[in-house]
Structure formats: C-alpha cells, structure tokens
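Please look over the chain shown here. The report below walks through its fold, its charged pairs and a few backbone details.

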Amino acid sequence: MKRRNLLGYAATGVGSAAALSACNKATTEESRMSPGATPGQPTIRWRMATSWPKSLDIAFGTAELVCQKVSDMTKGRFVITPYEAGEIVPGLEVLDAISAGTAECGHTASYYFVKKNPALAFGTTIPFGLNAQQQNAWLNDGGGLDLIRKLYADFGVVTFPGGSTGAQMGGWFTRSIRSVQDLKGLKMRIPGMGGQVMKRLGVDVQVLAGNEIFGALETKRIDAAEWVGPYEDERLGLNRIAPFYYYPGWWEPGT
C-alpha cells in the first residue's frame, strides 16, 4: 500500500476501538490557549460518532477515555467530543459517516461492516478466534494492524485499536434453548461472522445497534440478543425482558 499523509484521512476505531487520525475539518481557535500550549498552534475540534448509547460505561466510556487522553496529551489543543449512536448517525453507519466526512472520527466495531468486506471481521473478532491478549498481540506486534489498515484504506479511513471487552457471553433468550433444533426460526440480534454461522443453523439473524436492542426484545421483533457481558447487558436492561442467559459466546472470544 502506498504511504499517504495521514492528513486527508478520516479516522475510525475497530473492535470496540477508538479512532484518531487526521482529517481536514479542524476548527481553529487561537484565542483559547490552554496552560502549557505553544502559541500559534491551532485548537482542533473533532466530533466522534460512536455505535454506543451513553448509558454504557464500558463501550461509550472507552470512547470518552480516548478523547480525554488526546486532550491531556495535547494540553487541550486537540479536543474530541464523543456522541452516542443516533446523535450524528445511527450506530451502524459510523464507518460511512467517517468515510464521507460527516464526522471526523468514530468509535465502533469493524465486524458491523462485514458486508462491505468480510475481512473486516478480523479487526474485532471471529468465531473460535483469538482471545483479547492474542488479538492485541496480533494487531500490535504480529502485523495485524497493517493488514486491517489496508482494508480501511479503501474507505479513506485510518484505524487504531482502542479497547477490548474480552470474551463475551452467549446472550439473552426469551425462551429456553436445549438443542440446535431450538435455534431454527429464532430471531436473534448477532453481528459479524458469528451471525453468519447462526444463520446457517436456521437463526433469523438481525444486526442492531446497542440502543435498539431493548426495544426490539420488548416488542418481540427479536427473540434473543447477545451484547457484551453481565454488566453492560444489565445496563441495557436485557435481563428484564429475556430470562434465559447462555454462555459462552464462542463467536466472540476477544472482541
């Protein structure tokens, strides 16, 4: 892949990862100097589109943490404001928004976009794949990030890992699942390659952003949903609607 100046690129995060790289939509505010800042340098303000509701301490909280770290490292000269899913674009349209310049950067999961390129799943997780430590090792020291960036270059985007939820649970179900046969006709929210496996088992697979899951379960649009794990799942209220909780989430060993 040709080396390109980061300026002119948008940025995204994958695998619950955050994003920072350059775009040409910076806002300059010379008058607001932060202590320790170098005079003459512009203040840059970006908007970060995310795939998460603000109620999620882990997912949205990670986006907030990345934004805070960037501000701290630049002494307040580079300010990124994260927005929850739906504020700038719907949660599953973050990549499109960054590619089109609707937002300067984003925090999302690459396996939401496998229809654009199946290989994007490797930026988040694949069934029976790497655990969190192995995924980080592959991305940072095994050449994985270079490969993922080649995929994202097709969309004019630079990506950075920035967060992991680790191994995930199998999800919440409104009815008991005792055999593979019980999966046939089940309407389930599950993204990525895991969703494609479940589809072959007869599941009616649906991909929904986090802020849509509770309503879909409540209105019986879906019968089951996997998200992250007990803490974040309860933040979404999934346990209040679906009484059966299964593990492990073999489709997400190191998201």
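What follows starts with the whole chain and then moves to single residues.

## Overall picture

This is a predicted model. The protein chain holds seven helices and 10 strands. Of its 255 residues, 49% are buried.

Contacts reach far along the sequence. Taking contacts with a separation of 6 or more, 67% join residues 24 or more positions apart. The accessible surface is about 12,100 Å². Carbon and sulfur atoms supply 53% of that surface.

## A five-stranded sheet

Five strands make an open sheet. Their order is β8-β7-β9-β6-β10, and the pairing is mixed. The edges are β8 (204–206) and β10 (244–246). Each edge strand has a single partner, so one of its sides has no neighbour in the sheet.

Inside the sheet, β6 and β9 run antiparallel and are joined by two bridges. F173 has A224 of β9 as its bridge partner.

## Helix α6 and its cover

Which residues of α6 are buried? They are G210, I213, A216 and L217. Viewed down the helix axis, the buried residues of α6 fall within an arc of 100 degrees, so they line one face of the helix.

The cover over these buried residues includes β7, β9 and α7. Two of those elements, β7 and β9, are also strands of the sheet described above.

## Salt bridges

The structure contains six salt bridges. One of them pairs the side chains of R175 and D223, at 3.9 Å from N to O. R175 sits in the loop between β6 (171–173) and β7 (187–189), while D223 sits in the loop between α6 (210–218) and β9 (224–225), so the pair ties together parts that are 48 residues apart in sequence. The two partners differ in exposure. R175 is partly exposed, with a relative accessible area of 35%. D223 is buried, at 11%.

D223 has a second partner. Its side chain also meets K187 in a salt bridge, at 3.6 Å from N to O. That pair links distant parts of the chain: D223 is in the loop between α6 and β9, and K187 is in strand β7, 36 residues apart. K187 is partly exposed, with a relative accessible area of 25%.

Another salt bridge joins E226 and R189, with the closest N and O atoms 2.6 Å apart. E226 lies in the loop between β9 and α7 (230–236), and R189 lies in strand β7, 37 residues away. Are these two partners buried or exposed? E226 is buried, with a relative accessible area of 0%. R189 is likewise buried, at 0%. Shared partners also create a network, which joins R175, K187 and D223.

## A buried acid without a salt bridge

E252 lies in the segment after β10. E252 is buried, yet has no salt bridge. Which side chain of opposite charge is nearest to E252? It is R189, 5.5 Å away. A salt bridge needs the nitrogen within 4 Å of the carboxyl oxygen, so a pair at a greater distance does not count.

What does E252 touch, beyond residues up to four places away in sequence? The list is Y111, T125, G166, A167, Q168, P191 and E226. E226 is thus a contact of E252 and also the salt-bridge partner of R189.

## Backbone details

Some backbone geometry deserves a check. Most residues other than glycine have a negative phi, and most peptide bonds are trans. K75 has a positive phi of about 55 degrees although it is not a glycine. K75 is in the loop between α1 (59–73) and β3 (78–83). At 46% relative accessibility, K75 is partly exposed.

K220 also has a positive phi, of about 65 degrees, and is not a glycine. K220 follows α6 and belongs to the loop between α6 and β9. D223 is in that loop too. K220 is exposed, at 64% relative accessibility.

The peptide bond from Y247 to P248 is cis, with omega near -5 degrees. P248 lies in the segment after β10, as does E252.

Definitions and conventions. Residues numbered from 1 in each chain as written. Predicted model: local features only at pLDDT ≥ 70, side-chain atom pairs only at ≥ 80, totals over all residues. Heavy atoms only, no water. Helix = DSSP H or I, 4+ residues; strand = E, 2+ residues; numbered from the N terminus. Buried < 20%, exposed > 50% of the residue type's maximum accessible area, 1.4 Å probe, protein only. Contact = heavy atoms within 4.5 Å. Areas by Shrake-Rupley, 256 points an atom, 1.4 Å probe, with all protein chains shown as cover. Pairing = 2+ DSSP bridges. Arc of directions from axis to C-beta. Lys, Arg positive; Asp, Glu negative; His and termini not counted.
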